[in-house]
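Visitor: Could you show me this protein and walk me through it, one small puzzle at a time?

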Amino acid sequence: MTANKRMTASKKVPGHILVFLIDDHPPIREAIRGRLQSIMDIDIAGEADTAEQGLHQIEKLRPDVVVTDISQKDGHGLDLVQNIKSRFEDVQVVVYSRYEEIVYSERVIRAGASGYVMKTSATDVLVDAIRTAHGGEVYLSRKMSSRILSQISRGEPAKRSFTIDELTDRELTVFQMLGEGYGMTEIQDRLSLSRKTIETYRRRAKDKLGLGSVSKLLQYALQWVSAGGDERLRETKGRYFKDERTLEEENTPREDGAEEAKSQRKTKSQRKRAETRQ
C-alpha cells in the first residue's frame, strides 16, 4: 500500500470509487477505513460523526458512495438518506447498521439508499455493497432479495412478518430512539419536530404494538434495541422479548391480603355447600 493510499483522497481518481463515512462510533469508522484502504479501487474521501457534518462534507467532496448508520448523534439514518438523495442525486448511499435487515432494509431502499448491510456481516460484504451501489444497482443480502422477489412474483404486497412492521418509518424512528435511551426533548431536538408530534408517534407505536402504557412501550423498546431490532427473538418465549400478556401481568397489581382472604373464604364456603348437598 502506498503512502498516498493511506491518506484521505482529496480528488477522484479515474476508475476508483470515492467513499465517505458517517458513523458516530470512532472504532467502527476506523475498522471500515482500515478495510477499505486495503482495496485498490476504493479511496476514502473523508468521514464524520454527525449527519450535519456529513452533509457539509459531502457537498464539498462529492463522493461516489456514502456509508452511514441508522443511528445518528443528531438525527436518524432514514432522514439522512433522504437528505443526501434530495441534495446529491448522483451520490449513492449504503447503510451499514447493527439493526436486523428484515426491519430496515426495505425502509432504507424506499428512502433512496442503494444497499443495506448488517454490521455482523464480514467487511467484504460491505465492499461488495459499495461496488454494487456505485454500479447503479441495489445491494441486499440473498435472503432479503429472495424475500422481496418472491413477493413481487406472486403479486403480493410487502409481507408484514412481525408487529414492528406495522409502524410507519417515523413511528419506528421514535420507537428506536426511545429504546436507545433518548428522552422526549432529545428526540424532539434531533428530529426537529414538536413535542406534540413526537408524543403522537409514540402513542401510535404503543397502540399498534398492543401495549397498554408508555412504560410498557419503553420496556419493549429497550429490549428490542438491545437485541439489535430482531423481533423474531420474541419466539424464544421471553428470553429477549416478553409478549403483551406477560407485560400486562407484570404491571397488574396483585390482590391485597383482604381480597385474597375473601377469595379463600368464598372457596371454602362453596366446598361446604357442595358437601352438604352430597
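Guide: Sure, here come some questions and answers about this model, which is a predicted one.

Visitor: Let's start broad. How many helices and how many strands does the protein chain have?
Guide: Both kinds of secondary structure turn up in the protein chain. The count is 13 helices and seven strands.

Visitor: And what percentage of the residues count as buried?
Guide: A residue is called buried when its relative accessible area is under 20%. The protein chain has 278 residues. The share of them that counts as buried is 43%.

Visitor: What share of the accessible surface comes from carbon and sulfur atoms?
Guide: The protein chain exposes about 15,300 Å² in total. The part supplied by carbon and sulfur atoms is 48%.

Visitor: Now some charged pairs. Which residue forms a salt bridge with Arg35?
Guide: A search of the whole structure turns up 16 salt bridges. In one of them, the closest N and O atoms are 2.4 Å apart, and Arg35 pairs there with Asp124. The pair links distant parts of the chain, with Arg35 in helix α2 (residues 26–36) and its partner in helix α6 (residues 123–134), 89 residues apart. So the name you want is Asp124.

Visitor: Are those two buried, partly exposed or exposed?
Guide: The partly exposed class lies between the buried cut-off of under 20% and the exposed cut-off of over 50%. Arg35 has a relative accessibility of 26%, and Asp124 has 41%. Both values fall in that middle range, so Arg35 and Asp124 are partly exposed.

Visitor: Which helices are tied together by the salt bridge of Arg87 with Glu59?
Guide: The closest N and O atoms of Arg87 and Glu59 are 3.6 Å apart, and a salt bridge needs them within 4 Å, so this pair qualifies. Arg87 sits in residues 77–87 and Glu59 in residues 51–61, so the bridge joins parts 28 residues apart in sequence. Those two stretches are helix α4 and helix α3.

Visitor: How do the axes of α3 and α4 lie to each other: roughly parallel or roughly antiparallel?
Guide: The axes come within 11 Å and cross at roughly 20°. The contact is made by Ala51, Leu55, Ile58 and Glu59 of α3 together with Leu80, Asn83, Ile84 and Arg87 of α4. Angles under 35 degrees count as roughly parallel. That is why α3 and α4 are roughly parallel.

Visitor: Back to salt bridges. In the pair of Arg170 and Asp79, which residue counts as buried?
Guide: Their side chains meet at 2.9 Å, N to O. The pair links helix α8 (residues 169–179), home of Arg170, with helix α4, home of Asp79, across 91 residues. Arg170 has a relative accessible area of 21%, which makes it partly exposed. At 19%, the buried one is Asp79.

Visitor: What is the orientation of α8 and α9 to each other?
Guide: The axes of α8 and helix α9 (residues 184–191) come within 10 Å and cross at roughly 135°. Residues making the contact include Arg170 and Met177 of α8, and Ile187 and Leu191 of α9. An angle over 145 would be roughly antiparallel, and 65 to 115 roughly perpendicular, so neither word fits here. That leaves α8 and α9 oblique.

Visitor: Where is Gln92, and is it buried or exposed?
Guide: Gln92 is found in strand β6 (residues 92–97). Not counting residues up to four places away in sequence, Gln92 touches Asp64, Val65, Val66, Lys85, Ser114 and Ala133. The relative accessible area of Gln92 is 18%, so this residue is buried.

Visitor: One last thing, about backbone angles. Which loop holds Ser192?
Guide: Most residues other than glycine have a negative phi. Ser192 has a positive phi of about 55° although it is not a glycine. At 65% relative accessibility, Ser192 counts as exposed. Its loop is the one between α9 and α10 (195–208).

Visitor: And what is the phi of Arg62?
Guide: Arg62 lies in the loop between α3 and β3 (65–68). With a relative accessibility of 43%, Arg62 is partly exposed. Arg62 is not a glycine, yet its phi is positive, at about 50°.

Technical notes. Residues are numbered from 1 along each chain as its sequence is written. This is a predicted model: local features need pLDDT of at least 70, side-chain atom pairs count only at pLDDT 80 or more; totals for chains, interfaces and linings use all residues. Side-chain values use heavy atoms; hydrogens and water are left out. Helices (H or I, at least four residues) and strands (E, at least two) are DSSP runs, numbered from the N terminus. Buried means under 20% relative accessible area, exposed over 50%, partly exposed in between (1.4 Å probe, protein chains only). Accessible areas come from the Shrake-Rupley method with a 1.4 Å probe; for residues, only the protein chains shown count as cover. Axes are lines fitted to C-alpha atoms, for helices over the stretch in contact, and angles run from 0 to 180 degrees between N-to-C directions. Contact means heavy atoms within 4.5 Å.
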